[in-house]
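These are my notebook entries on a structure that I had not looked at before. I set down what I looked up, topic by topic.

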Amino acid sequence: MLFDLQANYQPCGDQGQAIEKLSSSLRSGNLHQTLLGVTGSGKTFTAANIIANLNRPTLMISHNKTLAAQLYSEFKQFFPHNAVEYFVSYFDYYQPEAYIPRSDTYIEKDSSINEEIERLRLSATSSLMMRQDVIVVASVSCIYGLASPDDFFQMLLILKKGAHLGREEFLQRMVEMLYERHEMEFARGRFRVRGDVVEVYPAAEEERAVRIEFFGDEIERLSYFDPLSGRAQEELAEVTLFPAKQFVTPKEKLQQAIITIKEELKDRLAWLEANGKYLEAQRLKMRTDYDLEMMQEMGYCSGIENYSRHLTAREPGASPYTLMDFLPEETIIMIDESHVTIPQIGGMYAGDRARKMTLVDYGFRLPSALDNRPLSFDEFMNIKKQKLYISATPSKFELYNSFVGNKHFLAASQISSDQVSCIHANPAEEKLPVDLQGTPLIVEQIIRPTGLLDPRIILRPLRGQIDETIELARLRVQRSERVLVTTLTKRTAEDLSDYLKEVGLSVTYLHSDVDTIERVEILRSLRAGECDIVVGINLLREGLDLPEVSLVCILDADKEGFLRSKTSLIQTAGRAARHLHGEVYLFADTVTDSIRALLEVTEYRRRRQMEYNQKNKITPRSVQRPLQESLRVMLQNDSNNPLEKAPREREAFIQELQKEMAAASSRMEYEKAALLRDQIRELQSEKKTTTKKKTQKH
């Protein structure tokens, strides 16, 4: 196993020392370490170098799909010859099963699965089974339940040329592995039979299928072929077929699970009836009997994950099997934007249990459904794999663990959590923790490759904050620079946006009520200069890369709380850190603890950055990044409006858009794919309306 890092540039700024120190810490066996890297310092490139140095499989966890996709794309470029995989929730839409007792409303589970993401998930688990040079970029969905890795491994099928295997036996194995036989439509997770030739489209493959040619009870020939044209691509001596679903169970285990489910059902029905809950008992019996019948006949049922404890033969309350169980023992877990991701991991268990508890109490599910759950926070932290926290603003949790959560540490009993929480405000080099060998456990990455300094922080009184914001914005607009303004409420953002328009500024607002695709377009239009100012709330924080922004105005900065906490202020200020003239104005009458922490950490970082630039004769320069083409422009038809096309033309246009949507999804361009999907729905809706009008007319 060799990770082959491909990059046309070398580590610079603080990256070299961060790579060396963190690699040394991980080699020493420390369980927890933190990369405290400022915005725009190239933390992903540092992580890639650490992986290449240590030559160990890695799980990178991000707090949302968009940032995970960005990381996946970057790692694919850094490691083109290794297995870089993507593991996020495969639901485009998900409505969990729920029951509301107050209104006696049962909400059935409803979901729309993204087939491409499902393929990528299967590819990730398959790679972890077969290779060591694997990097998996995942969202927090990686802590949710999967099949047992032993069962998954037991269910895979290794085919060898010349091996003795009857065609009928092979077809039976395909069904057990949850492949679907379909002679007409050949798609992933399906197989078809043509005499002595069986063609299988592996669920984890993207553009190739497997052709198995039998001669009696012997495999005469194996080959990959193009599922579209049917042309053979490569002769094979051996090929491994993985299950088509991630919830798979060997036949003997399934039969045993059916027995234990029946036993649990019998006990639960007795308890419900003894407590006078006859309606709940009848409801539970009907639901469970139907599911058992489906499992016996099909090997699968809707909501089979609710029986995962029986299917994996776990004890009640035992930890579920997750992606963590597929990871090799030496895997490093890297947690990106840890100040957001760690709380998200910690919040999953309780909410899931509360919803399922109601279903169990009212007879919709057996009590064992409670064991179909994400990992609890303690279970996640007790996974014996080394963790690297990556953030510009690591919280007390990450810092405290990097002090005392390791095998070796210095004077841990003398270090209080309060001292740890102050490290941002006074992160002098001599105060950073080291282990007994002197290896740093918290490593700063403050110097940017571009030489840029942290933006200057300027305090202004609350009185007249709107008028001063207008004047500051006008000056930036005259220099073709962009502005971000943060408020405390959605209403304020909208009202301020309207007011700025009235005084002649080009402005728009951005908050959680704005459609996801529209948000992408707003930020793109800001970069393109189609608007000069964006007013927002909490969306102007981590993950936004806007090099044209030189001014951030934070209104009501002294209203201490989540939106004006130390972490929020540091992250929001970082949006101006990619521009040479970056400045942040805080409008406040009181210097809160959060503002004071921002001022102190900014002063410390700017001093370090200026000293480095002077010593190395570096001239700071703004970040240059190409502008993404507008998603809406991609979809526009220059000649006419697609809604006005003739029905036949419109149908052809819909089919063309569907092909483009599938292609965009396969390239991980999810914003474009979502916009194409909305366009298709609009066209289909218009088609139904037109048909209805014609019917009424006749």
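Before the first entry I fix one term: a cavity is a set of grid points where a 1.4 Å probe fits but cannot get out. I also note that the model is predicted.

Entry on the second largest cavity. I looked up its volume and found about 70 Å³. I then listed its lining, which consists of Leu146, Ala147, Ser148, Asp151, Phe247, Val248, Thr249, Ile304, Ser308, Leu311 and Thr312. Sorted by class, I recorded six nonpolar, four polar and one charged residue.

Entry on the largest cavity. I asked how many cavities of 30 Å³ or more the structure holds, and the count is four. The largest of them contains about 100 Å³ of space. Its lining comprises 14 residues, and I noted Asp454, Ile570, Ala573, Gly574 and Arg605 as the closest to the centre. I next looked for the helices behind this lining: H17, residues 566-573, and H18, residues 593-616, each supply at least two residues. H18 gives the most, with four residues. By class, I found eight nonpolar, three polar and three charged residues in the lining of the largest cavity.

Entry on the second largest pocket. I recorded about 660 Å³ of space in this pocket. It is lined by 28 residues, of which Glu85, Ser123, Ser127, Ala204 and Glu205 lie closest to its centre. I checked which elements give two or more residues to the lining, and they are helix H3 (65-78), strand E3 (83-87), helix H4 (115-130) and strand E16 (238-241). H4 gives the most, with seven residues. The classes of this lining are 13 nonpolar, six polar and nine charged.

Entry on a sheet. I traced an open sheet of six strands with parallel pairing, in the order E20-E25-E24-E21-E23-E22. Why is one side of E20 and of E22 left without a neighbour in the sheet? Strand E20 (456-460) and strand E22 (507-510) stand at the edges and have a single partner strand each, so one side of each has no neighbour there. I noted an average twist of 20° from one strand to the next. Turning to the edge at E22, I found that this strand pairs with E23, residues 533-536, in the parallel sense over four bridges. There, valine 507 stands opposite isoleucine 533 of E23.

Entry on helices across the sheet. I looked up H15, residues 490-502, which lies across E21 (482-486), E22 and E23 and runs at about 175° to E22. H17 lies across E20, E21, E24 (549-554) and E25 (583-587), at about 150° to E24. I recall that H17 also supplies at least two residues to the lining of the largest cavity.

Entry on one residue of H17. I chose lysine 566, which lies in this helix. Is lysine 566 buried or partly exposed? Its relative accessible area is 21%, and buried means under 20%, so lysine 566 counts as partly exposed. I also looked up its distance to leucine 598, which is 32 residues away along the chain: the two C-alpha atoms are separated by 6.5 Å.

Entry on the whole chain. I counted 21 helices and 25 strands in the protein chain. Of its 698 residues, 52% are buried. Among contacts between residues at least 6 apart in sequence, I recorded that 74% join residues at least 24 apart.

Notes. Residues are numbered from 1 along each chain as its sequence is written. This is a predicted model: local features need pLDDT of at least 70, side-chain atom pairs count only at pLDDT 80 or more; totals for chains, interfaces and linings use all residues. Side-chain values use heavy atoms; hydrogens and water are left out. On a 1 Å grid over the protein atoms alone, a cavity is a set of points where a 1.4 Å probe fits but cannot get out, and a pocket is an open set with protein on both sides within 12 Å along at least five of seven lines; lining residues have an atom within 4 Å of a point. Grid points are joined across faces, edges and corners, and a volume is the space filled by probe spheres set on the points. Ala, Val, Leu, Ile, Met, Phe, Trp, Tyr, Cys and Pro count as nonpolar, Asp, Glu, Lys and Arg as charged, and the others, Gly among them, as polar. Two strands pair if DSSP finds at least two bridges between them. Axes are lines fitted to C-alpha atoms, for helices over the stretch in contact, and angles run from 0 to 180 degrees between N-to-C directions. Contact means heavy atoms within 4.5 Å. Buried means under 20% relative accessible area, exposed over 50%, partly exposed in between (1.4 Å probe, protein chains only).
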